[in-house]
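Me: I'd like a close look at one part of this model, the way a few helices sit against each other. Start there, then wander outwards as far as you like.

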Amino acid sequence: MMPIRNMVVFPHQMTPFVVGRASSVRALEAALVEDKQIFLATQFDAEVDEPSPEQIHNVGTIANVVQSVRLPDGNVRVLVEGLERARTVSVAVEEGFFRAEVQTAAARAESVNPQIEALMQKVTGLFEQFVKQNQSLNYEAMLSAVRSDDAAQLTDTMAAHLTLPVSDKQPLLETFSPAERLVRLADVLEVEIEKLNVDRAIQGRVKRQMEKAQREYYLGEKIKAIQKELGRGEKSEFDELKKKIEAAGMPKATREKALQELKRLELMPPMSAESTVSRNYIDWMIAVPWKQRSSEIRNIARAEKTLNEDHYGLEKIKERILEFLAVRQLVKNPKGSILCFVGPPGVGKTSLGMSIARATGRKFVRLSLGGVRDEAEIRGHRRTYIGALPGQILQMMKKAGTVNPVFLLDEVDKMSVDFRGDPSAALLEVLDPEQNTAFNDHYLDVDYDLSQVMFITTANVLHTIPQALQDRMEVIRLSGYTEVEKTEIACRFLIPKQLKANGLIAKNLEFSSAGLQTLIMGYTREAGVRSLEREIGNVCRKVARRVVEAGKNGKKVAVTITAENLNEYLGILKFRDTRGEQKSEVGLATGLAWTEVGGQMLSTEVTLMDGKGKLTLTGKLGDVMQESAQAAMSYIRSRAHLFGLPKDFYRNLDIHIHVPEGAIPKDGPSAGITMATALTSALTRIAVRGDVAMTGEITLRGKVLPIGGVKEKLMAAHRNGITTIILPRDNEKDLADLPENIRALLQVFPVETMDQVLERALESPIPKLAAAADEVPIASGPEQPMRQ
């Protein structure tokens with residue numbers, strides 16, 4: 001073993017050097033006597049004449065001594081050929097020189113794959129570029145030296161010819177994998193090429209510096225002379241624009257781009273079309289807020305009071321807003337929140353956003369996305385288009401005038417897609433807290449920070465919103481209001497609002513409790529309060545006419561709306577009060593359905609006729625609902641003996657299942673147990689209880705599976721006067737979402753099997769089915785109603 005300094009010997013290379021140290025000469029002579037192979041390893045510090053084994057790198061090259069010539073001064077000039085890499089296992093001093101036990105680590109012959117080939121092409125290209133720019137290397141000689149199809153040989157040859165310090169070459173020697181060496185060598189070559197480029201650029205810059213300074217001075221003086229001749233004077237509008245740009249608080253890169261555009265504008269003719277485009281761009285850059293921000297209200301008690309003044313109920317949402325304000329007090333720069341309010345029309349989603357802005361002390365802006373089908377509405381147009389403008393996001397930010405407004409994106413579920421792009425995909429960047437710190441509008445073409453904006457989106461349904469967009473939002477559901485809540489909302493908000501809108505005073509019109517209750521139950525049937533507000537407005541307009549007709553005595557007009565006189569103002573009742581009027585009928589079962597505007601009652605009728613076993617389904621039913629009917633029929637046929645029916649009862653009967661309101665499309669699995677109950681009732685001639693409503697999916701084995709929209713469905717049952725509900729047992733957990741006063745009025749029976757449904761839904765038990773139930777007890781134990 002011979003330690004070497006200030007150099008690294010690579011495999012596959014012929015390397016000459018001079019040996020002068022006595023220990024190195026003795027090691028060389030011993031190698032020549034034996035097999036002419038010597039292990040060459042570079043020492044850490046070149047200044048040390050007699051290094052110890054610890055001062056020598058443990059990875060070196062086994063070389064073959066090709067030639068050695070002793071010089072007159074006692075030194076020996078040698079020429080060695082690198083064979084392979086090796087790592088020292090142990091080093092001992094024998095006869096005045098090092099003798100090392102080494103472990104060869106020759107690289108495995110890696111199969112040439114596309115990745116290796118691509119790396120070799122890249123490294124070869126970088127090496128050619130390096131040699132071409134390095135004047136100290138012979139271009140032709142270097143390229144001929146590195147022509148090789150072997151990745152290991154190619155990397156070692158290039159590394160040997162690079163003018164690198166030992167500290168950079170030694171890591172290349174210690175990298176045994178050719179693929180890893182290719183990657184490391186590519187990085188080294190890119191750094192060396194960049195150094196050469198910097199050196200050349202510095203030389204060119206020094207040469208041009210004087211010429212540039214003289215040219216700028218000459219042009220500047222010429223511009224001043226032209227402006228003086230035009231009568232503009234030294235102070236121009238460009239100076240004002242520059243001051244505005246400097247004062248806008250833009251980030252450094254944005255400010256530089258705005259100043260660059262201003263310089264272009266100064267050189268343009270005032271009447272050119274391009275100057276108008278450039279001027280509009282600069283005006284937009286200045287108009288968009290960059291640092292102006294609203295002073296937030298962080299008093300939680302005050303914010304809670306504001307929310308309660310504007311809205312009744314909605315406790316979960318109010319709690320979420322107060323949590324947001326609490327976090328703002330504890331964290332200096334929290335990320336903006338993205339909330340999504342989902343619920344039927346008229347429940348207060350949009351007005352809630354305005355209330356949040358008032359409670360937090362922020363500016364409020366609203367953008368309606370209903371029917372938007374162009375991506376440019378969100379991101380803006382390129383400046384190359386005639387009449388280009390920024391997208392609606394930045395236009396609304398300009399309108400807000402601050403960087404932290406409450407930004408309401410209304411009707412986010414009603415966006416469309418066409419050949420101009422998908423606006424919902426453009427919203428992914430806007431509504432992602434990890435990305436909207438650098439929102440890029442196509443018109444401004446600079447990064448704009450939206451992270452301080454509190455985004456709120458509203459939607460009626462979730463299934464039309466792309467999943468990726470849903471994932472970026474915190475969904476908060478707003479279900480319909482109960483009658484008690486509607487009464488409170490009407491008294492606190494709707495009646496005073498309509499009185500003011502129609503020029504009335506509180507003395508002119510009053511609603512009695514019974515009158516308001518009749519108005520809610522008899523003239524509206526909705527989840528929200530929009531229809532309620534319209535009906536109150538109708539009453540106010542008729543009273544306003546009386547006030548005007550009374551002339552001077554108009555202020556003395558006082559009308560009290562009661563249940564008895566309400567029809568004088570609104571006409572006959574639009575909806576019958578079905579409380580206590582439900583009749584038990586054979587073949588008629590009441591189900592519960594979920595719609596985009598809340599829950600709804602859905603009756604199912606079954607009629608039997610003489611025929612040949614045909615099953616007819618009407619009522620514009622979807623595929624899933626038709627399959628539920630077929631599953632219910634198969635369930636009944638499989639248990640015909642328990643229902644007291646002949647095995648072939650269906651052969652001589654035609655069965656017609658109809659769901660009323662046939663013009664409205666219906667679909668979903670939750671009508672399964674309703675259809676099965678109506679079928680069973682028609683076949684056994686046992687009436688279904690009229691005061692019972694049910695929902696649940698049925699299987700062929702008679703199991704009842706859970707469904708969705710439980711809260712909306714139970715609210716619909718409550719609005720229609722139904723107090724007894726049959727619900728899948730797995731949906732028992734969803735009852736916690738119901739208001740306590742509604743839960744107290746409903747009697748909910750959780751069921752697991754169709755047998756339990758029939759036991760509760762039919763007027764009288766089926767004898768054989770009841771006997772079978774007595775013989776085989778239900779595993780879950782006796783069923784108990786959940787009455788809150």
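Is the crossing of H18 and H19 left-handed or right-handed?

Reply: The crossing of H18 and H19 is right-handed (the near helix is turned clockwise from the far one by less than a right angle; anticlockwise would be left-handed). One caveat before the rest: this is a predicted model, so local features need pLDDT of at least 70 and side-chain atom pairs count only at pLDDT 80 or more, while totals for chains, interfaces and linings use all residues. Residues are numbered from 1 along each chain as its sequence is written, and side-chain values use heavy atoms, with hydrogens and water left out.

Back to the pair. H18 covers residues 513–523 and H19 residues 530–549 (helices are DSSP runs of H or I with at least four residues, strands are E runs of at least two, both numbered from the N terminus). Their axes lie 10 Å apart and the packing angle is about 125° (lines fitted to C-alpha atoms over the stretch in contact, with angles from 0 to 180 degrees between N-to-C directions). That angle makes H18 oblique to H19 (under 35 degrees is roughly parallel, over 145 roughly antiparallel, 65 to 115 roughly perpendicular, the rest oblique). On the H18 side, Leu519, Ile520 and Tyr523 do the touching, and they meet Leu532, Glu535 and Ile536 of H19 (contact means heavy atoms within 4.5 Å). By class, that contact has 5 nonpolar residues, no polar ones and 1 charged (Ala, Val, Leu, Ile, Met, Phe, Trp, Tyr, Cys and Pro are nonpolar; Asp, Glu, Lys and Arg charged; the others, Gly among them, polar).

H19 also packs with H17, residues 483–501: the two axes come within 10 Å and cross at roughly 45°. H17 and H19 are therefore oblique to each other, and their crossing is right-handed. From H17, the residues involved are Lys486, Ala490, Leu494, Ile495, Lys497, Gln498 and Leu499, and from H19 they are Leu532, Glu533, Ile536, Gly537 and Cys540. The split here is 7 nonpolar, 2 polar and 3 charged. Leu532 and Ile536 turn up again: they face H18 and they face H17.

Elsewhere, H7 (residues 237–247) packs with H9 at about 35°, axes 10 Å apart, and that crossing is left-handed. Glu237, Leu241, Lys244 and Ile245 of H7 meet Arg279, Ile282, Asp283 and Ile286 of H9. The tally for H7 with H9 is 4 nonpolar, no polar and 4 charged.

H9 brings us to the aromatics. The structure holds 5 aromatic pairs (ring centres of Phe, Tyr and Trp, the last by its six-membered ring, within 6.5 Å; planes under 30 degrees apart are stacked, over 60 edge-to-face, the rest tilted). One of them joins tyrosine 281 and tyrosine 443: ring centres 6.0 Å apart and planes at 50°, so the pair is tilted. Tyrosine 281 sits in H9 (273–287) and tyrosine 443 in the loop between S10 (439–440) and S11 (447–448), so the pair ties together parts 162 residues apart in sequence. Both tyrosines are buried (under 20% relative accessible area; over 50% is exposed, in between partly exposed, with a 1.4 Å probe and protein chains only). Another pair is phenylalanine 649 with tyrosine 650, centres 5.7 Å apart and planes at 90°, so edge-to-face. Phenylalanine 649 is buried, at 7% relative accessibility.

Phenylalanine 97, in strand S6 (residues 97–104), is buried with a relative accessible area of 7%. Setting aside neighbours within four places in sequence, phenylalanine 97 touches Ser23, Arg26, Ala27, Ala30 and Ala92. Alanine 30 is 67 residues from phenylalanine 97 in sequence, with the C-alpha atoms 9.3 Å apart.

Last, some backbone oddities. Most residues other than glycine have a negative phi. Asparagine 6 has a positive one, near 65°; this residue lies in the loop between S1 (2–4) and S2 (14–19) and is exposed, at 61%. Arginine 685 has phi near 60°, in the loop between H22 (672–684) and S20 (692–694), and counts as exposed at 59% relative accessibility.
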